[in-house]
Amino acid sequence: LGHIGFLLGATLIELGDLEAAQLHLSGARERFRVAKAAVHELKAVYYLARIAWRRGRKAEAERALLESARTAWENDWTYDLLFMAVFAAEWLCDLGHAGLAARMLDAVQRSSQADASVRMVAQRCRAGLLVTARVPEQAAEPPSFDAVAAHLAASDGLEAFRSALERGGD
């Protein structure tokens, strides 16, 4: 049931039903916690962070995402870091850093560890940047995904993360 609740919650975020999404993701997180399925519990946490961000609870969302990134980095859960990088890119775009967000999304798409699902989410987000933020189709050379993941896991905030990537990324 945890997996079904997680998938339903993740889908409901995309459909904009944040209330129902939070209900399903919170339930999934608890079921994963009880089952000691740490990687799945972590997924629920960073998806709940997306809801917090969209509801304006940015500090809470940022803290949850960065703590999740550190946990994923320590456990070599790269697949989760790919999704976290996409979410961080969405948030950087919201904060006025669309160019950097586009470069991060390009790095995710170029990662050898990104499967079709990750690439689709990153492409959809990148396409949205073309329209809403008027980011050029070809952004500057992206940092490596390894650099994105390392900075995300080591940062104490989105501003520090943004600054580290803009200073050189790799």
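**Ser111, aromatic pairs and the packing of H5 against H6**

Apart from its neighbours within four places in sequence, Ser111 is in contact with Leu82, Arg119 and Phe145. The model described here is a predicted one. Ser111 is placed in the loop between helix H6 (98-110) and helix H7 (116-132). Its relative accessible area is 7%, and because buried means under 20%, Ser111 is classed as buried.

Leu82 also takes part in the packing of helices H5 and H6. In H5, Leu82, Ala85, Val86, Ala88, Ala89, Leu92 and Cys93 meet a set of residues in H6 made up of Ala98, Leu100, Ala101, Met104, Leu105 and Val108. Two packed helices are described by the angle between their axes and the distance between the axes. For H5 and H6, the angle is about 165° and the axes are 8 Å apart. Angles over 145 degrees count as roughly antiparallel, and H5 and H6 are therefore roughly antiparallel to each other. The crossing in which H5 passes H6 is left-handed.

Aromatic contacts were examined next. A search of the whole structure yields seven aromatic pairs. In one of them, the ring centres of Tyr47 and Phe87 lie 5.0 Å apart with the planes at 85°, so this pair is edge-to-face. Tyr47 belongs to helix H3 (residues 38-54) and Phe87 to helix H5 (residues 78-94); the pair thus links distant parts of the chain, 40 residues apart. Tyr47 and Phe87 are both buried.

Trp53 and Trp91 form a stacked aromatic pair, with 4.5 Å from centre to centre and 0° between the planes. Since Trp53 lies in helix H3 and Trp91 in helix H5, this pair ties together parts that are 38 residues apart in sequence. Trp53 has a relative accessible area of 3% and is buried, while Trp91, at 2% relative accessibility, likewise counts as buried. The ring of Trp53 has a further partner: the charged end of Lys58 sits over this ring, 4.4 Å from its centre.

Ring pairs also build a cluster. Its members are Phe6, Tyr46, Tyr47, Tyr79, Phe83 and Phe87. The cluster therefore includes Tyr47 and Phe87, the two residues of the edge-to-face pair.

How values were computed
Residues are numbered from 1 along each chain as its sequence is written. This is a predicted model: local features need pLDDT of at least 70, side-chain atom pairs count only at pLDDT 80 or more; totals for chains, interfaces and linings use all residues. Side-chain values use heavy atoms; hydrogens and water are left out. Helices (H or I, at least four residues) and strands (E, at least two) are DSSP runs, numbered from the N terminus. Buried means under 20% relative accessible area, exposed over 50%, partly exposed in between (1.4 Å probe, protein chains only). Contact means heavy atoms within 4.5 Å. Rings of Phe, Tyr and Trp (its six-membered ring) pair if their centres lie within 6.5 Å; planes under 30 degrees apart count as stacked, over 60 as edge-to-face and the rest as tilted. A charge sits over a ring if NZ of Lys or CZ of Arg is within 6 Å of the ring centre and within 35 degrees of the ring normal. Axes are lines fitted to C-alpha atoms, for helices over the stretch in contact, and angles run from 0 to 180 degrees between N-to-C directions. Angles under 35 degrees count as roughly parallel, over 145 as roughly antiparallel, 65 to 115 as roughly perpendicular and the rest as oblique. A crossing is left-handed if the near helix is turned anticlockwise from the far one by less than a right angle, and right-handed if clockwise.
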